[in-house]
Amino acid sequence: MNRTRAALRTTFSALHVRNYRLYFFGQIVSVSGAWMQRVAQAWLVLDLTGSGTAVGGLTALQFLPLLVAAPFGGVVADRVDKRRLLFVTQSLAAVIAATLGLLVLTETVELWMVYALAFTLGMVGSFDNPARQSFVIEMVGRGRVVNAVALNSVTINAARILGPALGGILIVTVGIAMCFLLNALSYVALLTALALMHPGELQRSIPQSRRRGQLREGLRYVAGERLLRTLLVMTAVAGALSYEFEVSLPLLAKFTFGGDAGTFGLMFTALGVGAVVGGLHTASVTDRTAVAAARMAAVFGLAIAAGSVAPTLWLALTAVVVVGAAGTSLLAFSNSLLQMHARGEMRGRVLALRAMAFLGTRPLGAPLIGWIGEHVGPRYAVATGALAALLVAGWGYRKLSSE
């Protein structure tokens, strides 16, 4: 019993910090809405066009701004109060969701409108993502950052269970518009959590004064640090090709297994179940060596490969659970390593480069995965991601084994 209590204290230690506890529970609501919107948005484009390439184009447009603007978002995050910046970005995201919901509700939505709003949301995310990622260590401190990042991934992926499941139900019962409108309301939870925090308890890094060359300074810093550089390259390749589930899973659900939006929601729910398990596992582990990230990438690649050849929906769902667990462990662990090893005054810029590596590469990978899924087959699209993860695992192991 004592061992169990000790393990639970270790797994949930970051929740002892009041500010992080508010953030954690606010995110569960807000991110559930965001995942519901992501499912609805992909299904809306598939309904409008019937094209996997168009779904890939949606993902590309949403994440294209991160490829270009995220480094500038990191510079801003290092200069300003991150909590105040999050008030702005989260409010703008709520307005975008409400706009899309009203367009669908009034039956005036067209493909270009969905694309334009996705691009706008990506611009907001270019500033929101670095601020959110680097805000974690300010809430909990260096000693609890691995635990907090892992619990963050639990939050995001618990939302991945709730959001897609609810989204699938809403789409087939009351329509897609309600997914977007409820997402707009869900941002109130995180905005409230931010408002209730005690600013004096935050361990803020010293804001950097505005000066020329800060972006180049961040790039030079990462280029000179082998661990940071290797983790970012691994993240970029896997992000571009292995994490394209919003493109590959709807194609797999509809064209391989003959399903509907409910099937797609079920697959995303299975991904979320695994991701929660992976996040809790990462929150409790004590192995913080860099090479563990390469081992996680190998498990991730093998699980994706199993999903690509699964002959039935239920076997595919089983594989997807493992994919979610391994993929989340990889992301959470690499994120925490970046936060721990980056200098405080550089953290926003380093995590902005991570956002660019993971999300900004999506415009490069998503159309390719969508094209493969449409013209060669959904299974081949999934298998492409498996191959990328396995190659990254081997390369990363060689680079990180001496760290």
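I'll start with one pair: the side chains of Asn152 and Tyr20 make a polar contact at 3.3 Å. A polar contact here is a pair of N or O atoms within 3.5 Å; within protein, one must be able to donate a hydrogen and the other to accept it, and residues adjacent in sequence count only if both atoms are side-chain atoms.

Before going on: this is a predicted model, where local features need pLDDT of at least 70 and side-chain atom pairs count only at pLDDT 80 or more, while totals for chains, interfaces and linings use all residues. Residues are numbered from 1 along each chain as its sequence is written, and side-chain values use heavy atoms, with hydrogens and water left out.

Back to Asn152, which sits in helix H6, residues 145–173. Helices are DSSP runs of H or I, at least four residues, numbered from the N terminus. Asn152 counts as buried because its relative accessible area is 9%; buried means under 20%, with a 1.4 Å probe and protein chains only. Leaving aside neighbours within four places in sequence, Asn152 is in contact (heavy atoms within 4.5 Å) with Tyr20, Tyr23, Gln27 and Val136.

Now Tyr20. With Met139 and Phe300, Tyr20 touches the most other members of the largest nonpolar core, which has 117 residues. Such a core is a set of buried Ala, Val, Leu, Ile, Met, Phe, Trp, Tyr and Cys residues joined through side-chain atoms within 4.5 Å. Apart from that core lies another, of five residues, among them Val247 and Ile369.

Last, Asp128, in helix H5, residues 111–140. Asp128 is also buried, because its relative accessibility is 6%. Beyond four places in sequence, Asp128 is in contact with Leu86, Thr89 and Gln90.

Technical notes:
Buried < 20%, exposed > 50% of the residue type's maximum accessible area, 1.4 Å probe, protein only. Helix = DSSP H or I, 4+ residues; strand = E, 2+ residues; numbered from the N terminus.
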